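This report introduces selected residues of one protein structure to a reader who has not met it before. The sequence and structure are shown first, and the description follows.

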Amino acid sequence: MNYLTVENISKSYGELTLFKDISFSIHKDQKVAFVAKNGTGKTSILNILEKTDEPDTGNVIFRKDIKVSFLPQEPYLDSNLTVQDTIFNSDNPILDVIKNYEKALLNPEDTETYQAAFEQMDIKNAWDFETQYKQILFKLKLENLQQKVSSMSGGQKKRLSLANALLSKPDLLILDEPTNHLDLEMIEWLEEFFAKENITLFMVTHDRYFLERVCNEIIELDHGELYSYKGNYSYYLEKKEARIEQHNVEVGKAKQLFKKELTWMRRQPKARTTKSKSRIDDFTEIKHKASQRRKDHEIQLELNMERLGSKIVELKKISKSYKDKVILDSFNYMFQKGERVGIIGKNGTGKSTFLNILTQTAEPDSGKIIIGETVKFGYYTQGGITPKPQQKVIDVVREFGDYIPLKKGRQISAQQLLERFLFDRKKQYDFVEKLSGGERKRLYLCTVLIQNPNFLILDEPTNDLDIVTLNVLESFLLDFPGCLLVVSHDRYFMDKIVDHLFVFRGEGIVEDFPGNYSDFRAYEDSKPVVSETTDEEKKEKKNWKKDSNVKLSYNEQKEYKNLESKIKSLEFDKIELEKKFLNPDLSTDEINELSNKLQVILDSIEEKEMRWLELAEKMEE
């Protein structure tokens with residue numbers, strides 16, 4: 001079943017043609033990724049699909065009876081609403097049913113309204129959806145339902161927009177960089193969610209593991225041509241390589257034929273026969289093929305990096321907290337030459353704060369940082385580049401100098417440097433505000449690297465970079481001789497360039513893991529599941545030990561408190577189940593099924609009440 005057809009669309013901005021006469025279609029159950037270099041029109045195509053922009057030519061046709069949801073890079077949210085209001089404000093009718101039911105729970109004395117809301121939950125099969133809706137918000141760390149959108153960070157807004165898109169239960173979901181602003185745990189959950197949900201996807205993403213595990217087709221826009229690959233990322237890489245190899249073979253043959261035909265052309269007299277005119281026309285086509293060049297560039301900078309001394313960076317008993325939130329607790333570490341460290345952890349565990357402390361843009365509460373005299377930091381932050389009004393790309397680089405020193409006494413001009421970072425001469429004289437988000441990140445990365453750092457710190461460098469640029473960046477970093485410290489949620493990127501990890505667990509706990517991200521996941525998955533003692537349990541146990549008059553053991557006290565809450569919950573379930581018997585249309589089988597369920601609840605209540613009484617009597621002895 002066809003959900004979306006794109007027919008011969010084109011888009012230009014002034015003299016810049018992003019794409020011309022491209023066509024593709026999306027069918028039911030496909031999970032399609034759209035891959036292209038930054039600045040070639042990925043986001044423009046998504047905007048055209050979302051109808052926030054129009055193509056210069058061509059048509060976009062959606063199937064009439066399908067529901068479509070979009071996740072843009074910049075979410076459109078009402079800043080006056082809360083998280084809960086934003087979710088309930090979507091057009092999913094089941095959410096309206098849940099909203100009415102939750103309102104009814106707040107006014108239990110209005111039994112008529114409660115009964116109507118409860119019946120609608122049954123009729124619409126909303127119970128399972130309510131559980132899923134709460135799970136999605138929990139997984140995306142949006143538990144504070146009363147938080148105003150106006151007080152949320154950019155990452156929180158993106159996650160709220162993602163939750164909205166998922167909860168609208170669309171037939172077709174169109175996503176622009178869905179993994180940006182998600183931590184590793186969230187990304188892995190989203191992979192599993194898409195794997196089990198019956199949903200059709202069309203997405204732009206640079207996350208290569210996500211492409212590998214979620215997508216079953218990849219569409220690539222390469223030098224103005226569309227190519228389709230019916231498989232995941234590994235299949236795409238294999239077939240793309242074969243396509244480029246075949247292209248190079250054809251160009252090679254065309255060059256040989258061109259030389260032969262050129263010799264013939266030079267020998268021809270001015271008077272042409274009909275046959276020779278036909279051959280001249282063929283010659284023109286051969287010449288075109290032979291002159292084709294793939295404009296793929298690779299960064300091959302050999303920076304003349306200042307040599308690191310014996311002392312690099314030493315952290316001694318570094319502690320940092322924000323109010324009651326502990327970020328670092330007496331953290332010690334001594335960096336060695338050539339170290340390549342990745343930093344992982346959930347959002348809010350202090351990864352960026354650690355980088356700011358290391359580069360002395362933030363102060364620790366206690367402890368000491370010793371930085372070697374030869375250390376020169378290069379710090380790529382999430383903030384990105386802030387260009388001056390009407391500033392051109394070339395001028396941004398020239399603020400750091402017209403020439404950059406390379407090894408063996410060589411140097412490279414600002415223009416040559418930009419070319420190596422995939423900015424051609426024409427693009428260098430564009431205003432920075434005209435660049436795409438990914439191109440701005442690439443330019444910012446260039447400004448960091450040309451300062452010749454020998455200790456490179458990258459905070460989420462892969463956000464908004466296309467796959468081609470990521471491969472180029474990885475090649476550069478693999479050759480980088482200095483120290484490297486990187487925070488990233490891009491697992492593929494981390495696996496390729498880091499040797500060990502700082503794992504931020506929260507509450508000031510930072511573990512040093514000797515391996516890359518895949519090694520860490522394999523290690524974590526192999527660990528036996530152990531019931532951990534929570535901070536609250538530790539506190540209760542400590543208080544119990546202090547009280548010498550208590551007759552119950554610590555575990556019995558814990559059981560006593562849990563029984564009270566469980567009995568209350570079972571009483572609520574009993575009331576809910578008894579209300580179902582009021583339905584006059586119940587069949588005999590349905591009545592028997594409800595009776596069995598009610599008996600199980602009654603037996604459980606009786607069992608727990610007996611145990612509760614037993615423990616209560618023991619306390620009174």
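## Two residues with positive phi

Gln 360 counts as partly exposed because its relative accessibility is 48%, a value that falls between the limits of 20% for buried and 50% for exposed. The model described here is a predicted one. Gln 360 is placed in the loop between helix 11 (351–358) and strand 13. Its phi is near 65°, which is a positive value in a residue other than glycine.

Asn 8 also has a positive phi, of about 50°, although it is not a glycine. The place of Asn 8 is in strand 1, which covers residues 2–13. With a relative accessibility of 43%, Asn 8 counts as partly exposed.

## Val 375 and its surroundings

Where along the chain does Val 375 lie? Val 375 belongs to the loop between strand 13 (366–371) and strand 14 (377–380). The relative accessible area of Val 375 is 14%, and therefore this residue is buried, the limit for that class being under 20%.

When neighbours within four places in sequence are left aside, the residues in contact with Val 375 are Leu 308, Lys 311, Ile 312, Asn 454 and Phe 455. A further pairing is given by C-alpha atoms: those of Val 375 and Gly 309 are separated by 7.8 Å, while the two residues are 66 residues apart along the chain.

## Asn 463 and its contacts

Asn 463 is found in the loop between strand 17 (455–459) and helix 16 (467–479). Is Asn 463 buried or exposed? At a relative accessibility of 7%, Asn 463 counts as buried.

Its contacts, leaving aside neighbours within four places in sequence, are with Asn 180, His 206, Lys 441 and His 489.

## A negative patch at the surface

Which residues form the negative surface patch? Asp 603, Glu 606, Glu 607 and Glu 609 form this patch. One of them, Glu 607, lies in helix 21, which spans residues 588–620.

Glu 607 has a relative accessible area of 55%, so this residue is exposed; the class requires a value over 50%.

Key. Residues numbered from 1 in each chain as written. Predicted model: local features only at pLDDT ≥ 70, side-chain atom pairs only at ≥ 80, totals over all residues. Heavy atoms only, no water. Patch = residues over 30% accessible without salt bridge, like charges linked within 9 Å, V, L, I, M, F, W, Y side chains within 5 Å. Areas by Shrake-Rupley, 256 points an atom, 1.4 Å probe, with all protein chains shown as cover. Salt bridge = Lys/Arg side-chain N within 4 Å of Asp/Glu carboxyl O. Lys, Arg positive; Asp, Glu negative; His and termini not counted. Charge placed at Lys NZ, Arg CZ, Asp CG, Glu CD. Helix = DSSP H or I, 4+ residues; strand = E, 2+ residues; numbered from the N terminus. Buried < 20%, exposed > 50% of the residue type's maximum accessible area, 1.4 Å probe, protein only. Contact = heavy atoms within 4.5 Å.
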